[in-house]
Amino acid sequence: MARGIGDDVELGESRLWPALMRESLPPLAAATGTAEFASRLVDVLRRVLQFDWWMVMVYRRHANPEMLCENFTGSWRERGLTTYVGGFYVLDPFYVMSHSLDHAEVCRLGDIAPDGFLESEYHRAHYASGRIGDEVNYLWPLEAGVTLAVSLERSEHSAGFSDGDVRCMEAVQPLLYALACKHWSLVRSRLATPRSLELGRLVQDAAANFGRTILTPRECEVVKLVLRGYSTKSISQSLGISPGTVKVHRENIYAKLGVSSQAELFNMFIASVSTQPGASAASGVRLTG
């Protein structure tokens with residue numbers, strides 16, 4: 001594993017920092033405003049810590065994610081990324097977290113995911129099927145409703161991201177975030193056409209309105225939390241109702257929707273979202289400078 005700036009030495013004493021200043025940061029600065037910026041950003045981060053896969057994307061409040069670069073291959077690239085950009089993202093803890101951030105943040109999956117996330121169908125469909133063991137993100141607000149997400153992932157065979165890894169990322173974050181903001185100021189007018197924004201809005205509206213025609217407002221709230229990976233206990237705490245009441249709501253939801261398991265509920269939700277026009281149209285988005 002690569003030695004990080006924040007492991008056990010001060011930033012100014014690290015031998016890695018001069019290498020970053022000399023070899024990695026100048027190309028990144030030179031790439032602001034070009035299609036190479038995202039890949040140059042990943043090059044810098046490879047100097048800071050070890051990871052297996054990455055995605056750099058723009059989250060918008062009313063659009064599908066816009067993918068700048070990633071390194072997935074094979075069937076997972078064809079299936080996993082298409083399903084993620086096409087609709088899975090609405091259940092992603094990092095995407096949900098991006099809505100409430102007004103400052104740059106390093107977010108680790110285990111620190112922000114709901115307490116039942118590892119048992120959720122979303123985790124099984126996205127993380128387990130992709131053999132992803134852990135994930136950490138930079139979430140950088142660029143303007144109101146727009147966040148740059150830099151997702152770094154390790155395989156299930158690797159150690160998870162440590163506190164030291166997070167400190168490494170936090171050490172270089174101020175400079176990288178400043179460059180990202182500069183890049184955004186140069187390219188923002190070229191991205192996200194009105195058509196792509198409208199398609200994304202349709203997908204998110206479908207997610208927000210799932211089950212609303214046959215479920216009560218409270219049942220819709222419960223469904224949303226179940227799909228995101230909240231346990232019965234955390235749902236009861238979040239909504240101010242007893243665990244027994246949550247169980248009754250879940251039974252009623254399953255009966256009304258004609259499903260018998262969380263897996264069937266998840267598949268129904270994804271089918272509802274993915275049938276929207278934006279699901280297929282947005283899945284192939286690739287940004288250029």
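Which residues of helix α10 (residues 232-239) are buried? In this predicted model, the buried set consists of T232, S234, I235, S236 and L239. These residues pack against two other helices, α9 (217-228) and α11 (243-257). Just past the end of α10 comes G240, whose phi is positive, at about 70°. As general background to such a helix, residues three or four places apart point the same way, because an α-helix has 3.6 residues a turn.

It helps to set this helix within the whole chain. The secondary structure of the protein amounts to 13 helices and 5 strands. Of its 289 residues, 51% count as buried. Contacts reach far along the sequence as well: among those between residues at least 6 apart, 69% join residues at least 24 apart.

One of the partners of α10, helix α11, carries R250. This arginine is buried and yet has no salt bridge. The cut-off makes the reasoning easy to follow: a salt bridge needs a side-chain nitrogen of Lys or Arg within 4 Å of a carboxyl oxygen of Asp or Glu, whereas the nearest side chain of opposite charge to R250, that of E251, is 8.9 Å away. What does R250 touch, not counting residues up to four places away in sequence? The answer is V222, V226, T232 and Q262. Of these, T232 has already appeared among the buried residues of α10.

Aromatic side chains offer another view of the interior. The count of aromatic pairs comes to 13. In one of them, F88 and Y122 are tilted, with 6.1 Å from centre to centre and 55° between the planes. This pair links distant parts of the chain, 34 residues apart: F88 belongs to the loop between α3 (74-86) and α4 (93-98), and Y122 to helix α6 (residues 121-128). Both rings belong to buried residues, F88 having a relative accessible area of 8% and Y122 a relative accessibility of 0%. A further pair, F117 with Y127, is edge-to-face, at 5.8 Å centre to centre and 80° between the planes. F117 lies in the loop between α5 (109-112) and α6, and Y127 in helix α6, so the pair ties together parts that are 10 residues apart in sequence. F117 counts as buried at 2% relative accessibility, and Y127 is likewise buried, with a relative accessible area of 1%. Together with F266, the residues F88, F117, Y122 and Y127 form one aromatic cluster.

Attention now turns to the pockets. The largest pocket has a volume of about 440 Å³. It is lined by 20 residues, and Q204, A207, A208, K224 and R228 are the closest to its centre. The elements giving two or more residues to this lining are α4, α8 (194-208) and α9. Which element supplies the largest share of the lining? That is α9, with 6 residues. Helix α9 is also one of the two helices against which the buried residues of α10 pack.

A final long-range contact involves L186, which is placed in helix α7 (residues 163-187). L186 counts as partly exposed, at 36% relative accessibility. Leaving aside neighbours within four places in sequence, L186 is in contact with T32 and G33. L186 and G33 are 153 residues apart in sequence, but the C-alpha to C-alpha distance is 5.1 Å.

Conventions:
Residues are numbered from 1 along each chain as its sequence is written. Side-chain values use heavy atoms; hydrogens and water are left out. Buried means under 20% relative accessible area, exposed over 50%, partly exposed in between (1.4 Å probe, protein chains only). Helices (H or I, at least four residues) and strands (E, at least two) are DSSP runs, numbered from the N terminus. Contact means heavy atoms within 4.5 Å. Rings of Phe, Tyr and Trp (its six-membered ring) pair if their centres lie within 6.5 Å; planes under 30 degrees apart count as stacked, over 60 as edge-to-face and the rest as tilted. Lys and Arg count as positive and Asp and Glu as negative; His and the chain ends are not counted. On a 1 Å grid over the protein atoms alone, a cavity is a set of points where a 1.4 Å probe fits but cannot get out, and a pocket is an open set with protein on both sides within 12 Å along at least five of seven lines; lining residues have an atom within 4 Å of a point. Grid points are joined across faces, edges and corners, and a volume is the space filled by probe spheres set on the points.
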